[in-house]
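Subject: Structure for you to look at

Hello,

The structure we spoke about is below. My notes on it follow, grouped by region.

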Amino acid sequence: MSNAPECAVEIPAPDQGTVKPWRKRLTGLDESQPGAMSCEGDWLEAGATYQMPVGTLVVLCDPLPGGARKRVRIWRVKKDGTIKEERDSTLGSPNAFGASVRGTLRRLISQHLPQKGAVRQTSAAAPRVNERDGTCSQCRQPLAARAGILERNHRGYMDPRHRPGQCPPPPPRTNDYAQACGLCGGWLEAGRGVLYTAVPAFAASSTPLIKARHPQHCPPPEERFAPPPAPRANAREQDCRLCGNLVPAGAGLLERHGPVWEVRHPEGTCPPKEELWEITRGRPGRFHPRPERWAASGTVLRSTVYDHDRPFPTDAPGFRRLRTGEVSAIVTTVRERAPEYCRDEDGDNPGCLIGENGWFFRILVRPATAEEAADILAEEDTARRRASLAARRRQMFEHPDDSEIPDTVDLTGTVQIDFGALRSLHQHWPDDELHLDEQSGTVWFLRYNGADGDDWSVNNLSSFIARRMPLTEQRAQLIADLRAEYPPSG
């Protein structure tokens, strides 16, 4: 609170014909802001009287119609209670607070330091009438021109509103869902009735009971609509919402639950739940009205299955426990649930689609039979066997202790042994090679050494490093295993 003497200052009314005039007590200058926002301080109402400390600066702006010219005045409260007009100019620029006006403001602020504390309003200004149609800032209902008043908000803008105590009651809300009238029991389709509070809340923690009724008076009994007919049959096969089993087309009943229709078996006819497990998949991509299915019924694959609720059979083909509640096994797809398109707007997508938009698939599966899983098990067995051979080959041939790198290499009379080397799609150099010379009892292993960054000076056969090593019993056995695994073509 300032100890400086105060004076009563009456804020003048706007000039005739001005558009959006404003007055402000100046406490600082933020030159990074445009227009009135550069003047820091309290908004003042035209026509009101305020108690202000001596030395207070007041900025008054009266824009003329069209916005091309603005009258800017700067007042200062003197010690004797009078007002000194430091500036009164009408500027032709749309930006009335250019270099000239801001220079004056800087000078006055440096000469008359602003006093702390808010000004006190001693008399209110007559409320301004709204000149245009708008929306009341209090009740958010339409407000006709000259039917309300203008009130300055916290940002300094004038908002139209009804006069105090004149806001009309809110209009009744229409019912969004079809239901029976709470007064007469007649049926109301969605949007045909209005909502009312049937039972008020009895405590702060309780909620009122909201029902729908006819908009005006309830019609006589003979004119009331009857409730809708019994649920109609489903036109397409779909999972039962009660038991989860598939309901064939025409064998179930459609029921509306909120905004969606769901299918169920007729009362008391749900079969026992199938021994099925659910797996999920995500496919990133753009939305299209008819998504492809992820896997047709009868597809056999290895998948991770979660069995927290129901244990997965341990005798299933390829069963392997990964961790508690999670196994890997070979399964057969039974059917898919309706796919869902997920948009990653707030990061709440399923784990397989985090950070991407795409289709989310939920597939019901069962353990595969031995016949169904035979091909996948054979492929996995082959992959394990070849991985073991590759590990043995790297140990015996790539960097053995008994190998040598001769200056000259003669592969005449050797036989190349296939060990399953496959060139990568991004590999632009030859594969490594393995050569057997049974007559001399030696084995040659050729490793490519011609890529960028390799030491080419150690090559002894074109772009390869050729190592010669004796054909030991272990190497002979490995070569025999490689020939059995990779028989020569033709």
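Two strands count as paired if DSSP finds at least two bridges between them. The model is a predicted one. With that in mind, five strands make up an open sheet in the order 5-2-7-8-9, and the pairing is antiparallel. At its edges are strand 5 (43–44) and strand 9 (83–91), each of which pairs on one side only. Helix 1 packs on this sheet and touches strand 2, strand 7, strand 8 and strand 9. The direction of helix 1 makes about 165° with that of strand 9.

The pairings within this sheet are as follows.

- Strand 2 and strand 5 are antiparallel and share two bridges; Lys24 has Trp43 in strand 5 as its bridge partner.
- Strand 2 and strand 7 are antiparallel, with five bridges; the partner of Arg25 in strand 7 is Val58.
- Strand 8 and strand 9 are antiparallel over eight bridges; Lys70 is bridged to Leu91 in strand 9.

Strand 2 deserves a separate word. Five of its five residues are buried, so strand 2 is largely enclosed by the rest of the structure. Both of its faces are covered: Trp22, Lys24 and Leu26 lie on one side, Arg23 and Arg25 on the other, and all are buried. Buried here means under 20% relative accessible area, so the charged names in that list are not a slip: Lys24, Arg23 and Arg25 are included among the buried residues.

Next, the core. In soluble globular proteins, nonpolar side chains tend to be buried together. The largest nonpolar core in this model has 15 residues, and the members that touch the most others are Trp22, Leu26, Cys39, Val59, Val72, Phe97 and Leu105. At least two residues of this core come from each of strand 2 (22–26), strand 7 (57–63), strand 8 (70–77) and helix 1 (99–111). Helix 1 gives the largest share, four residues. Which residues does Leu26 contact, leaving aside its neighbours within four places in sequence? They are Cys39, Glu40, Leu57, Val59, Leu105, Ile109 and Pro114.

Further along the chain there is an open sheet of three strands in the order 11-14-15, again with antiparallel pairing. Strand 11 (128–129) and strand 15 (158–161) are at the edges with a single partner strand each, so one side of each has no neighbour in the sheet. Strand 14 (residues 149–152) is joined to strand 15 by four bridges, and Ile149 has Arg161 in strand 15 as its bridge partner.

Strand 25 (residues 300–306) has two unlike faces: Leu301, Ser303 and Val305 are on the covered one, while Val300, Arg302, Thr304 and Tyr306 are on the uncovered one. Strand 25 runs antiparallel to strand 27 (residues 326–336), and seven bridges join them. Within that pair, Arg302 stands opposite Ile330 in strand 27.

Now the helix pair. The axes of helix 2 (residues 370–398) and helix 3 (residues 473–485) come within 11 Å and cross at roughly 145°. The crossing is left-handed. On the helix 2 side the contact is made by Thr382, Arg385, Arg386, Leu389, Arg392, Arg393, Met396 and Phe397. On the helix 3 side are Gln474, Arg475, Gln477, Leu478, Ile479, Asp481, Leu482 and Glu485. These residues divide into six nonpolar, three polar and seven charged.

Ala390 also lies in helix 2 and is partly exposed, at 21% relative accessible area. The C-alpha atoms of Ala390 and Thr333 are separated by 34 Å, with the two residues 57 apart along the chain.

Finally, two loop residues to look at.

- Lys20, in the loop between strand 1 (6–10) and strand 2, has phi near 55°, a positive value in a residue other than glycine. Lys20 counts as exposed, at 65% relative accessibility.
- Ser462, in the loop between strand 32 (442–448) and strand 33 (464–470), has phi near 55°, also a positive value in a residue other than glycine. Ser462 is exposed as well, with a relative accessible area of 66%.

Regards

How values were computed: Residues are numbered from 1 along each chain as its sequence is written. This is a predicted model: local features need pLDDT of at least 70, side-chain atom pairs count only at pLDDT 80 or more; totals for chains, interfaces and linings use all residues. Side-chain values use heavy atoms; hydrogens and water are left out. A nonpolar core is a set of buried Ala, Val, Leu, Ile, Met, Phe, Trp, Tyr and Cys residues joined through side-chain atoms within 4.5 Å. Buried means under 20% relative accessible area, exposed over 50%, partly exposed in between (1.4 Å probe, protein chains only). Contact means heavy atoms within 4.5 Å. Axes are lines fitted to C-alpha atoms, for helices over the stretch in contact, and angles run from 0 to 180 degrees between N-to-C directions. A crossing is left-handed if the near helix is turned anticlockwise from the far one by less than a right angle, and right-handed if clockwise. Ala, Val, Leu, Ile, Met, Phe, Trp, Tyr, Cys and Pro count as nonpolar, Asp, Glu, Lys and Arg as charged, and the others, Gly among them, as polar.
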